[in-house]
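Hello,

Here is the structure I promised to pass on. Please have a look at it first; my notes follow below.

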Amino acid sequence: MKILLFADPGIDDSLAIIYALLHPDIELMGIVTGYGNVSVYDATRNAAFLLALAGRTDIPVMRGASQPLSGTHTIFYPEIHGPEGLGPIIPPDSFKADISPFELMFEIIETNMEDIVIVDVGRQTSLAFAYNLRPELMEQVKEVYLMGGAFMVPGNVTDVAEANFWGDPIAVNVVLNKAKKVYITPLNVTNRAIVTRDIATYIFNQTRGPYKYLIPAVTNYYAAFYDEVMPGIDGSPVHDAFTLYFLLNKDKTYTIRRDVRVAIVDGNRGQSVADLRMVYEEPKFEHYIVMDFDYNDFLADFIRVNVGEEG
Ligand code: BDR
Ligand code: CA
């Protein structure tokens, strides 16, 4: 499966990048970065650094949006994701990221249109720009996967809003209105995709891969934040990596088709809305929301991928 990944690494974004690189069935075609958990500059550097750790500098990194379409002031989250976005890890000053122009993404899509999908696990601004700049091309992309939203469950940035959809609700609506087919992995499922400290330690002990030290370091950093907001889980949800798991394991999840929209007005900003009545309006768009999954299967897959074939 060829994937163009949009991300704002960010701890769980890093785990998604690692998952994509290590998964034998994923071909990571490029990473488009954006502001979100950290600034677009830190996010870009982190993405390039993660690729370099595995010797995969052949995969292009493209710098995307630096702020939301609304132009509102952007809040970053160093207390959650670390001062530069990789928990306790700071890429050395000597590391120079090789950045490709944003437009390269259109070339990648055009050349691989038959079998490429887009996965966006950050704020959706860069992706909305892409739909604006090259609508005739982007509207042909067969599937788009978004990590975001919270459907009739609490948000994580406000009582009703999840961070990615809250960050740029205008952009999410652009994507929802323009994309051919959208799959959404909301907090309803990603909050339950928990990797515990013990699992991170287990992966550390089992693998000889390039992310041996990084995986427990970032997971435990993230877990310290979740100790405060979700006491007792003893780990952290891996929202973004779960989105990639879903993409390859749809048949093991419970997914519903409903038209989705995101509130833009203050007060409700970022709230994701779908018609969840027993008898609901016939959907007009191809929007699919993931509502349930098999945790044990997810965890086994996450461990298998991160431990790697050579162990
Ligand atoms: C989402 O917001 C970000 O902070 C995480 O990286 C994830 O993509 C979870 O709400
Ligand atoms: Ca993210």
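Of the protein's 311 residues, 58% count as buried. Please bear in mind that this is a predicted model. The accessible surface is about 12900 Å². Carbon and sulfur atoms account for 52% of that surface.

Next, the overall build. The protein has 13 helices and 13 strands. Its radius of gyration is 18 Å, close to the 19 Å from the globule rule for 311 residues, so the protein is as compact as a globular protein of that length. The C-alpha trace spans about 50 × 45 × 40 Å along its principal axes. Many contacts reach far along the chain. Take the contacts between residues at least 6 apart in sequence: 81% of them join residues at least 24 apart.

Now the sheet. Nine strands make up an open sheet with mixed pairing. The order is β4-β3-β2-β1-β5-β6-β7-β13-β10. Two strands stand at the edges: β4 (99-100) and β10 (253-257). Each has a single partner strand, so one side of each is left without a neighbour in the sheet. At the β4 edge, strand β3 (residues 61-63) runs parallel to β4, and two bridges join them. Valine 61 stands opposite isoleucine 99 of β4 there.

A helix also packs on this sheet. Helix α8 (residues 169-178) lies across three strands: β6 (144-147), β7 (182-185) and β13 (287-293). The helix runs at about 150 degrees to β6.

Then the metal site. Which residues coordinate the calcium ion (ligand 2)? They are Asp8, Asp13, Val121 and Asp240. The aspartates use OD atoms, and Asp13 is listed with two such contacts. Val121 gives its O atom. The distances are 2.3 to 2.6 Å. In sequence, the donor residues follow the spacing D-x4-D-x107-V-x118-D. Aspartate 13 lies in helix α1 (residues 11-22), and aspartate 240 lies in helix α12 (residues 239-248). The pair therefore ties together parts that are 227 residues apart in sequence.

One last point on that pair. Are aspartate 13 and aspartate 240 buried or exposed? The cut-off for buried is under 20% relative accessible area. Aspartate 13 is at 0% relative accessibility, so aspartate 13 counts as buried. Aspartate 240 is at 2%, so aspartate 240 counts as buried too.

Over to you.

Best wishes

Key
Residues are numbered from 1 along each chain as its sequence is written. Chains are lettered from A and ligands numbered from 1 in the order in which they are written. This is a predicted model: local features need pLDDT of at least 70, side-chain atom pairs count only at pLDDT 80 or more; totals for chains, interfaces and linings use all residues. Side-chain values use heavy atoms; hydrogens and water are left out. Two strands pair if DSSP finds at least two bridges between them. Helices (H or I, at least four residues) and strands (E, at least two) are DSSP runs, numbered from the N terminus. Contact means heavy atoms within 4.5 Å. Axes are lines fitted to C-alpha atoms, for helices over the stretch in contact, and angles run from 0 to 180 degrees between N-to-C directions. Donors are N, O and S atoms within 2.8 Å of the metal (3.2 Å for Na, K and Ca); water is not among the atoms, so sites may look incomplete. Buried means under 20% relative accessible area, exposed over 50%, partly exposed in between (1.4 Å probe, protein chains only). The radius of gyration is taken over C-alpha atoms; the globule rule is 2.2 Å times the number of residues to the power 0.38. Accessible areas come from the Shrake-Rupley method with a 1.4 Å probe; for residues, only the protein chains shown count as cover.
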